[in-house]
Amino acid sequence: MTRPRPAMAAAMSGAVDLSALKQRAQEPAASREPAAGGEWTVEVTEANLEAEVLAQSNRVPVIVLLGSPRSDASATLAATLDDLVAEDRGKWALARVNVDTNPQIAQVFGVQAVPTVVAVAAGRPITSFAGPQPADQLRRWLDSILDAVAGKLPDAPVSDDEDGEESEDNTDPALAAARDALDSGDFEAARAAYQGLLDDGATGAVAIEATASVRQIAFLIRATAQRQDAVLAANAAPGDVEAGLAAADVEVLSQQPDSAFDRLVALVRRTSDDERAAVRARLLELFELFDPADPAVIAGRRKLANALF
C-alpha cells in the first residue's frame with residue numbers, strides 16, 4: 001500500500017476504499033507530526049474529519065472516541081485514552097468527537113450509544129466497541145490494533161535499521177502480485193488475486209485492502225462495459241430499471257456520484273417490490289465505493305431514506 005494505483009485512481013478519485021489506501025494523504029495531514037509534549041489528541045468536527053481521521057489514519061491508526069459531555073462514562077473513557085495515547089507517543093492518534101454538536105459524524109460511524117470507540121486505519125473502520133472499558137483491556141485492544149497494521153499503512157513513517165538504511169520491503173508476495181495485476185490494468189487477474197487473499201483468511205490491513213479492491217474492481221469491470229450512451233438511454237426511458245442502473249454506473253465512473261445517486265433515488269420512488277429492492281441494493285453498493293463522510297453519500301442516504309419512508 002505504498003504506491004498509487006493509476007487505473008483505479010483515475011476512475012474512482014472520490015472513493016475512500018482504495019483511494020485512501022493508495023493515494024497519499026493531503027500534505028498538511030500527511031506531513032504533520034503531532035505536537036511535542038505528548039499532545040496526540042485532537043477534537044474532531046465535520047470540518048476536519050477528513051484530515052484528522054481519514055488522512056491521518058494512513059500514517060498511524062486513529063482511535064475515534066464518540067462521546068457526550070452529558071455522559072460520565074465518556075469523560076472517564078476519554079481520560080483513560082488520553083493517558084494511553086500520551087504513553088504511546090505517536091504510535092496512534094486519538095480523535096474525540098462530541099456527538100451532541102456533530103450528529104452527522106455520529107451517523108457516519110453508526111453510533112447507537114455513547115461512548116463508542118472506533119479504530120480507523122487506512123481510511124476505514126477496522127474495529128469498534130461501545131461503553132466503558134478498564135485500562136488494561138484498552139491496552140490489550142490497542143496493542144492488537146498496532147500489531148495488525150504494523151508495516152501496512154500507506155504513509156506510515158519509514159523505519160530504519162541500525163545502519164540507518166531503509167528496512168527491506170516485506171510485502172506479502174500474494175498481495176504484491178494482486179497490486180501488480182491492478183497496476184497493469186488486468187482487472188480480472190487482480191480481482192482473483194485479491195479474492196484469493198480473502199479466501200486464505202487475510203486479516204488486518206491486508207483484508208481491508210483486499211475487500212475494498214474486490215468491490216471496486218467488480219464495479220469497474222461492470223461500469224466500463226456499459227454503453228457509451230447509457231445516460232442518454234436512461235434519460236429517454238426514466239422508468240427503465242436496467243437503463244437506470246447502467247447510467248448510474250457510467251455517472252459514477254465519470255465522477256458524477258451526485259447524479260448517479262439522484263437517478264437511483266428517483267428509480268426507488270418509481271418502482272416497487274423486487275425492482276425497488278434491486279435499485280436500492282445497487283444504490284447501497286455505490287455508496288460503499290465512497291468515503292462514508294462524503295457529502296454526496298450523506299445526501300444520497302438521506303434522500304434514499306425519504307424515498308423509502
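In this predicted model, strand 4 (residues 116-121) and strand 5 (residues 124-130) run antiparallel and are joined by six bridges. Alanine 121 of strand 4 stands opposite arginine 124 in strand 5. The two strands form a hairpin with two residues between them, where alanine 122 takes a positive phi near 55 degrees.

How many residues of strand 4 are buried? Six of the six are, so strand 4 is largely enclosed by the rest of the structure. Thr116, Val118 and Val120 point one way from the strand, while Val117, Ala119 and Ala121 point the other way, and all are buried. This follows a general pattern: in a regular strand the side chains alternate between the two faces of the sheet.

Strand 4 also pairs with strand 2, and strand 3 pairs with both strand 1 and strand 2. The table lists these pairings with one opposed residue pair for each.

| Strands | Sense | Bridges | Opposed residues |
|---|---|---|---|
| Strand 1 (residues 41-43) and strand 3 (residues 93-98) | parallel | three | threonine 41 and leucine 94 |
| Strand 2 (residues 62-67) and strand 3 | parallel | six | leucine 66 and valine 97 |
| Strand 2 and strand 4 | antiparallel | five | leucine 65 and valine 117 |

Strand 2 therefore has a parallel partner in strand 3 and an antiparallel partner in strand 4.

**The nonpolar core**

The largest nonpolar core has 35 residues. Those with the most contacts inside this core are Tyr194, Phe219, Val252, Phe261, Leu264, Leu283 and Leu286. Which helices each supply at least two residues of the core? They are helix 8 (173-183), helix 9, helix 10 (204-224), helix 12 (241-253), helix 13 (257-270), helix 14 (273-287) and helix 15 (295-308). Helix 10 gives the most, with seven residues. The core draws at least three residues from each of domain 2 (173-223) and domain 3 (226-306). Such grouping fits a general tendency: in soluble globular proteins, nonpolar side chains tend to be buried together.

**Helix 9**

Helix 9 (residues 187-199) has 13 residues, which at 1.5 Å a residue should span 18 Å; its end C-alpha atoms are 18 Å apart, in agreement. Its buried residues are Phe187, Ala190, Tyr194 and Leu197. Seen down the helix axis, the buried residues fall within an arc of 85 degrees, so they line one face of helix 9. An α-helix has 3.6 residues a turn, so residues three or four places apart point the same way. On the other side of helix 9, Ala192 and Asp199 are exposed. Just after the helix, glycine 201 takes a positive phi of about 90 degrees. Tyr194, buried in helix 9, is one of the core residues with the most contacts.

**Helix 14**

Where do the buried residues of helix 14 lie around its axis? The residues concerned are Val279, Arg282, Leu283, Leu286 and Phe287. They cover an arc of only 145 degrees, which puts them on the same side of helix 14. These buried residues pack against helix 10, helix 12, helix 13 and helix 15. Among them, Leu283 and Leu286 are listed with the most contacts inside the core. Asp273 and Asp274, on the other side of helix 14, are exposed. The 15 residues of helix 14 should span 21 Å at 1.5 Å a residue, and the end C-alpha atoms are 21 Å apart, which agrees.

Conventions. Residues numbered from 1 in each chain as written. Predicted model: local features only at pLDDT ≥ 70, side-chain atom pairs only at ≥ 80, totals over all residues. Heavy atoms only, no water. Helix = DSSP H or I, 4+ residues; strand = E, 2+ residues; numbered from the N terminus. Expected span 1.5 Å × (residues − 1). Buried < 20%, exposed > 50% of the residue type's maximum accessible area, 1.4 Å probe, protein only. Arc of directions from axis to C-beta. Core = buried A, V, L, I, M, F, W, Y, C linked by side-chain atoms within 4.5 Å. Domains from an automatic or database assignment. Contact = heavy atoms within 4.5 Å. Pairing = 2+ DSSP bridges.
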